[in-house]
Amino acid sequence: MAKKIFAGLVLAVLAFFSVPAAANAAGYVPSTNISGDNTVVAGGTTIINFAPGSFAGSENVSITITGAGSATIGAFKAETVTVTKQAAADGSLSISVKLPAGATGTYSLTATGVTSGNVGTYTITVVPADSANGSGSGALPDTGSSVSMLAVWAGAGALLLGAALIAVMTVVRRQRLAQD
């Protein structure tokens, strides 16, 4: 009985310490090493840069983009695009991504070093053409009236006073006609 308890305890300890090691087996490229314009208009192009040291020098990097519609990396175009590019000698990488004209939603880019196993992810969000050029403030447009509420209440009060005046004048006129 003691052997079974000891064996179960050993297995539990091994499982506890081996799971985090398995989860951290691949190196992850920190988000601070990845730069680019993550908001792009449909049909637009963005360049995503991985800083030096993100991948091993001159290693092949498998790049996958998924999203609604087809994206283009180089000459390849599909709903899920996978290509391989070679990182620079310092481990940096630059990727040019062209979104389709009818692109909507988000596109996810995953770059995986074939030798190092380093994985970098980046999300590209498709935005309307008028908000991508910086002309918008990012807030909702003002579609309401510019008249203050005080003016609205003053106008409503004047209408009520006018209706009351007409009602009083009608009652007074009827009383005068009734006396004559």
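**View 1. Asn 33 lies in the loop between α1 (2–23) and β1 (34–35).** The model shown here and in the other views is predicted. Leaving aside neighbours within four places in sequence, Asn 33 is in contact with Asn 49, Phe 50, Ala 51 and Ser 54. Gly 120 is 87 residues away from Asn 33 along the chain, yet their C-alpha atoms are separated by 8.8 Å.

**View 2. Phe 50 sits among residues from many parts of the sequence list.** Residues up to four places away are not counted here. Phe 50 touches Asn 33, along with Val 29, Ile 34 and Phe 55. Its other contacts are Ser 92, Leu 93, Ile 95, Leu 109, Ala 111 and Gly 120.

**View 3. The largest nonpolar core has 23 residues.** Phe 50 and Leu 109 touch the most other members of this core. Six strands each supply at least two of its residues: β3 (45–50), β4 (60–73), β5 (76–86), β6 (93–98), β7 (106–113) and β8 (119–127).

**View 4. Side chains alternate along β7.** Tyr 107, Leu 109, Ala 111 and Gly 113 point to one face and are buried. Thr 106, Ser 108, Thr 110 and Thr 112 point to the other face and are not buried. In a regular strand, side chains alternate between the two faces of the sheet.

**View 5. β7 and β8 form a hairpin.** The two strands run antiparallel, and 7 bridges join them. Ala 111 stands opposite Gly 120 in β8. Between the strands are 5 residues. Gly 117, in the turn, has a positive phi of about 80°.

**View 6. Val 147, Met 149, Val 152 and Trp 153 make a nonpolar surface patch.** The patch covers about 460 Å². Met 149 belongs to helix α3 (residues 149–179). Met 149 counts as exposed because its relative accessibility is 55%, and the cut-off for exposed is over 50%.

**View 7. The whole protein chain has 3 helices and 8 strands.** From the N terminus on, the elements run α-β-β-β-β-β-β-β-β-α-α. Of the 180 residues, 22% count as buried. The chain exposes about 12,000 Å², and carbon and sulfur atoms supply 64% of that area. Among contacts between residues at least 6 apart in sequence, 65% join residues at least 24 apart.

Terms used:
Residues numbered from 1 in each chain as written. Predicted model: local features only at pLDDT ≥ 70, side-chain atom pairs only at ≥ 80, totals over all residues. Heavy atoms only, no water. Patch = residues over 30% accessible without salt bridge, like charges linked within 9 Å, V, L, I, M, F, W, Y side chains within 5 Å. Areas by Shrake-Rupley, 256 points an atom, 1.4 Å probe, with all protein chains shown as cover. Salt bridge = Lys/Arg side-chain N within 4 Å of Asp/Glu carboxyl O. Helix = DSSP H or I, 4+ residues; strand = E, 2+ residues; numbered from the N terminus. Buried < 20%, exposed > 50% of the residue type's maximum accessible area, 1.4 Å probe, protein only. Contact = heavy atoms within 4.5 Å. Core = buried A, V, L, I, M, F, W, Y, C linked by side-chain atoms within 4.5 Å. Pairing = 2+ DSSP bridges.
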